[in-house]
Amino acid sequence: MSDDELLAMAPLMGLDALSPAELDSVRRRRAQADDAVRAEFDALVAATRETMAAVSASTAMTPPAELRDRLLAAATAEAREAAHPTTAGVREIRPRSTDDPARSDAPESVASGGAAAAPDVTRTGRRIAYLAAAAVVAVAVGAIGWAIGSGLSSKTTTEQPTAAKVFSAKDVRTSSGSVATGRASVTYSERADAAVLVMNDVPPPQPGTVYQMWLLGPQGATLAGTMTDKDVAPSTTAVIPHIGDATALGFSVEPAAGATSPGSIVAELPLR
C-alpha cells in the first residue's frame, strides 16, 4: 500500500467504514509510514471524526414517543418468524445435472476451484474515499446552515457542492490546531479554491467581541468571515470560499463592530 493509498483510507477510518481486516491492514501500514505521512493520516482521521461530531450535535433530536412500541412490535414479529419460518422467497438450489457438467450454481471462480475475488483495500481510490467524507461534511454544513464569507446567514445549498469539491479534489489536505481552549481543523484544496472549517469545543467570543477569520498570504490579510457568540456552537462547521494564494487561516478577537485588519492573530492554521 503506497502513501497515497494509506491517506485514502483515513476518511474511511474516521467514518468507521473499514472491515476488521482492512482496519488491521491500515494500522500496520500506518505504523510503517514516516512521521509526515502519519501526521497527515491522523489529521485526516481527526477532521472526519470532528465533522461527524458536528453532524451529531447539530441534528440531535428527541425520538418520537411511539418509537419504543414500533421497535418492540418489530422484535416480536422477527421472533415469531424465526420460530415459524416460511419458505416464501426461498430459491431452490438444484443439484448439477450429470449430463450437463458445465452447469454450476456457484460463481465461476469457485466452480473452477479458485477462491472468489475479495475487495482489495489498497485499490480504493483516494477520490472515492474523500467523496464519502464530503457527503458527511455536506450534511453538517447544511444542518448548521451558515458559511463563512461576506454573508454569514446563508441557508442555501450552495455550500454543499463546494464542500464536495474540496473533499474530492486530488490535492485535498488537512491541518489542525488549537483555537482558544478548543480544536479546529481545516480541510482545503487549491484546485477547488475553498476550505471546510470544523471547530470543536471552541468557546463563543466574550460579550462585546467577535471572532474574525483572515486568509493570510503574500498580499497580507483578507477578511474571510466573522463569528458572533450566536454563530459558535460546541461543534461548528463552515465553508470558506476563494482561499486564493493564502498560506494560512488566522483567527483574531475584535470589537463587536469588527475590524478591517486583524489587531492580533491569536491562532493560525496552515493552508500550504
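Trainee: Which word applies to His-242, buried or exposed?
Mentor: This is a predicted model, in which residues are numbered from 1 along each chain as its sequence is written. Local features need pLDDT of at least 70 and side-chain atom pairs pLDDT 80 or more, while totals for chains, interfaces and linings use all residues; side-chain values use heavy atoms, with hydrogens and water left out. Relative accessible area sets the class: under 20% is buried, over 50% is exposed, and anything in between is partly exposed (1.4 Å probe, protein chains only). His-242 has a relative accessible area of 61%, so this residue is exposed.

Trainee: Where is the place of His-242?
Mentor: Helices (H or I, at least four residues) and strands (E, at least two) are DSSP runs numbered from the N terminus. By that numbering, His-242 belongs to the loop between β6 (235–241) and β7.

Trainee: What is the phi of His-242?
Mentor: Most residues other than glycine have a negative phi. His-242 is a residue other than glycine, yet its phi is positive, near 55 degrees.

Trainee: Which loop is the place of Ala-180, a residue with a positive phi though not a glycine?
Mentor: Ala-180 has a phi of about 55 degrees. Its relative accessibility of 54% is why it counts as exposed. The loop in question runs between β1 (173–179) and β2.

Trainee: How many helices and strands are there in the protein?
Mentor: The protein has 272 residues, of which 36% count as buried. Its elements comprise 7 helices and 8 strands.

Trainee: How many of the 12 residues of α1 are buried?
Mentor: Helix α1 covers residues 3–14. Its buried residues include Leu-6, Met-9 and Leu-12. The helix is largely enclosed by the rest of the structure, because the number of its residues that are buried is 9.

Trainee: Which residue forms a salt bridge with Asp-3?
Mentor: A salt bridge places a side-chain nitrogen of Lys or Arg within 4 Å of a carboxyl oxygen of Asp or Glu, and the count by this rule is 5. Asp-3 takes part in one with an N to O distance of 2.6 Å. Asp-3 lies in α1 and its partner in α2 (residues 20–32), so the pair ties together parts that are 26 residues apart in sequence. Asp-3 counts as partly exposed at 32% relative accessibility, whereas the partner is buried at 14% and is Arg-29.

Trainee: How far apart are the closest N and O atoms of Arg-28 and Asp-24?
Mentor: Both residues lie in helix α2, 4 residues apart, which is about one turn of the helix. Arg-28 counts as partly exposed at 48% relative accessibility, and Asp-24 is partly exposed at 40%. The two form a salt bridge, and the distance is 2.9 Å.

Trainee: Which residue meets Asp-35 in a salt bridge?
Mentor: Asp-35 is exposed, with a relative accessible area of 56%. The partner is 3 residues away in helix α3 (residues 35–59), a separation of about one helical turn. The bridge has an N to O distance of 2.4 Å, and the partner is Arg-38.

Trainee: Which residue has a side chain joined to that of Thr-187 by a polar contact?
Mentor: Thr-187 lies in strand β2 (residues 182–189) and counts as buried at 3% relative accessibility. A polar contact is a pair of N or O atoms within 3.5 Å; within protein, one must be able to donate a hydrogen and the other to accept it, and residues adjacent in sequence count only if both atoms are side-chain atoms. Here the distance is 3.0 Å and the partner is Thr-174.

Trainee: How many residues has the largest nonpolar core?
Mentor: A nonpolar core is a set of buried Ala, Val, Leu, Ile, Met, Phe, Trp, Tyr and Cys residues joined through side-chain atoms within 4.5 Å. Those with the most contacts inside the largest one include Leu-197, Leu-215 and Phe-251, and its total is 22 residues.

Trainee: How many residues are in the other core that lies apart from it?
Mentor: Among its members are Leu-18, Val-26, Val-37 and Leu-44. This other core has 14 residues.

Methods:
The expected span of a helix is 1.5 Å times one less than its number of residues.
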